[in-house]
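Readers who meet a structure for the opening time may wish for a guide to its spaces, its packed helices and a few of its residues. This report offers such a guide.

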Amino acid sequence: MKKLMAANWKMYKTAEEAFDTAAELVALCGASLPDDREVLVIPPFTALGRAGQALAGNPRFLLGGQNFYPEEQGAFTGEISPAMLLDAGCAFALAGHSERRHVMGETDEMVGRKVAFGLEKGLSVILCVGERIEERRAGQVEDVLRVQLDKGLAGVPRDVDPVRLVVAYEPVWAIGTGEVAGPEEIVQAHGAVRRELLRLFGEAGHEVRVQYGGSVKPDNAAEIIHLDNVDGVLVGGASLRADSFSRIVLAD
Ligand code: PEP
């Protein structure tokens, strides 16, 4: 199973800035990328084309979209469809990032519609899940994850190709805060995610990659990616600069 090292550029970078950063990333780690890694760059929609040009010709450097709407096409101003992301060169897309859930108000049900629709239309999908700090303090982490996974995956066929489905465990309190979850917290949460995946998909649940996200940095990446059931990372702030993200991608 290849570890998926993903850069979420959120609402940062013009098309040219994205091109430059992606090109620098390929220059810094293209030749030395270990066999067990894939790199996923997730720029804003307006930069997909230029970022894709910088990654072209490097099969283990993939492009992803940050969001999509679960309809083929239509009167959905401001939205983008899976077919449009595929047309722009994306292999992957995020669904249910915590900023979509907690800033834009996306519900578990909407996230579930997105996951099922995106997979059906040919995207690989990263379902983001994670608890808020008050839920952790109340001892509800596993319950929150179970509900988000069950609703997020409700429409996904049980025989889905597990390689096309990724779950990112991103505790909300660790995103963009500099506060990283400790190794035991990560192992516990990823274990809970894995158990739920096995319950939902049988043995194929072992092949669904589970990423950690939340203040991953060059100096903590090596420890995190070697923890049990950690199959990659989803990185925001520390992915914005190629020198920093390349050190995460190559961390060992
Ligand atoms: C993210 O955007 O998914 C994320 C984990 O951000 P950061 O690495 O900045 O915490």
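The paragraphs below take up the empty spaces, then the helix pairs, and then single residues.

The model described here is predicted, and the values given for it are computed from its atoms.

**Empty spaces**

Rolling a probe the size of a water molecule over the atoms shows where empty space is left. In this model the largest pocket holds about 420 Å³ of space, and its lining is made up of 18 residues. Among these lining residues, Lys10, Met11, Gln66, Arg100 and Met104 are the ones that lie nearest the centre of the pocket. By kind, the lining of the largest pocket divides into eight nonpolar, five polar and five charged residues.

How many cavities of 30 Å³ or more does a search of the whole structure find? The search finds one, and the space in the largest cavity comes to about 40 Å³. Its lining consists of Gly96, His97, Ser98, Arg101, Cys128, Val129, Gly130, Glu170 and Val172. Helix 4 (98-102) and strand 5 (124-129) are the elements that give two or more residues to this lining. Sorted by kind, the residues lining the largest cavity are three nonpolar, four polar and two charged.

**Packed helices**

Two packed helices are described by the angle between their axes and the distance between the axes. Helix 1 (15-29) appears in both of the pairs set out in the table, once with helix 2 (residues 48-55) and once with helix 10 (residues 242-249).

| Helix pair | Angle between axes | Distance between axes |
|---|---|---|
| Helix 1 and helix 2 | about 20° | 8 Å |
| Helix 1 and helix 10 | roughly 40° | within 9 Å |

Because angles under 35 degrees count as roughly parallel, helix 1 and helix 2 are described as roughly parallel to each other. The angle between helix 1 and helix 10 is roughly 40°, and these two helices are therefore oblique to each other. As for handedness, helix 1 passes helix 2 in a right-handed crossing, and the crossing of helix 1 and helix 10 is right-handed as well.

**Residues with positive phi**

Lysine 10, already named as one of the residues nearest the centre of the largest pocket, is placed in the loop between strand 1 (3-8) and helix 1. Its phi is near 45°, which is a positive value in a residue other than glycine. Is lysine 10 buried or exposed? With a relative accessible area of 17%, lysine 10 is buried, because the limit for that word is under 20%.

Asparagine 229, which lies in the loop between helix 9 (221-225) and strand 8 (232-235), has a positive phi of about 65° although it is not a glycine. The relative accessible area of asparagine 229 is 29%, so this residue counts as partly exposed.

**Two further buried residues**

Glycine 232 is found in strand 8 and, at 0% relative accessibility, counts as buried. Between the C-alpha atoms of glycine 232 and aspartate 161 there is a separation of 18 Å, while the two residues are 71 residues apart along the chain.

Isoleucine 175 sits in the loop between strand 6 (165-169) and helix 8 (183-201), and its relative accessible area of 15% makes it buried. From isoleucine 175 to arginine 199 the distance, C-alpha to C-alpha, is 28 Å, and in sequence they are 24 residues apart.

Conventions
Residues are numbered from 1 along each chain as its sequence is written. This is a predicted model: local features need pLDDT of at least 70, side-chain atom pairs count only at pLDDT 80 or more; totals for chains, interfaces and linings use all residues. Side-chain values use heavy atoms; hydrogens and water are left out. On a 1 Å grid over the protein atoms alone, a cavity is a set of points where a 1.4 Å probe fits but cannot get out, and a pocket is an open set with protein on both sides within 12 Å along at least five of seven lines; lining residues have an atom within 4 Å of a point. Grid points are joined across faces, edges and corners, and a volume is the space filled by probe spheres set on the points. Ala, Val, Leu, Ile, Met, Phe, Trp, Tyr, Cys and Pro count as nonpolar, Asp, Glu, Lys and Arg as charged, and the others, Gly among them, as polar. Helices (H or I, at least four residues) and strands (E, at least two) are DSSP runs, numbered from the N terminus. Buried means under 20% relative accessible area, exposed over 50%, partly exposed in between (1.4 Å probe, protein chains only). Axes are lines fitted to C-alpha atoms, for helices over the stretch in contact, and angles run from 0 to 180 degrees between N-to-C directions. Angles under 35 degrees count as roughly parallel, over 145 as roughly antiparallel, 65 to 115 as roughly perpendicular and the rest as oblique. A crossing is left-handed if the near helix is turned anticlockwise from the far one by less than a right angle, and right-handed if clockwise.
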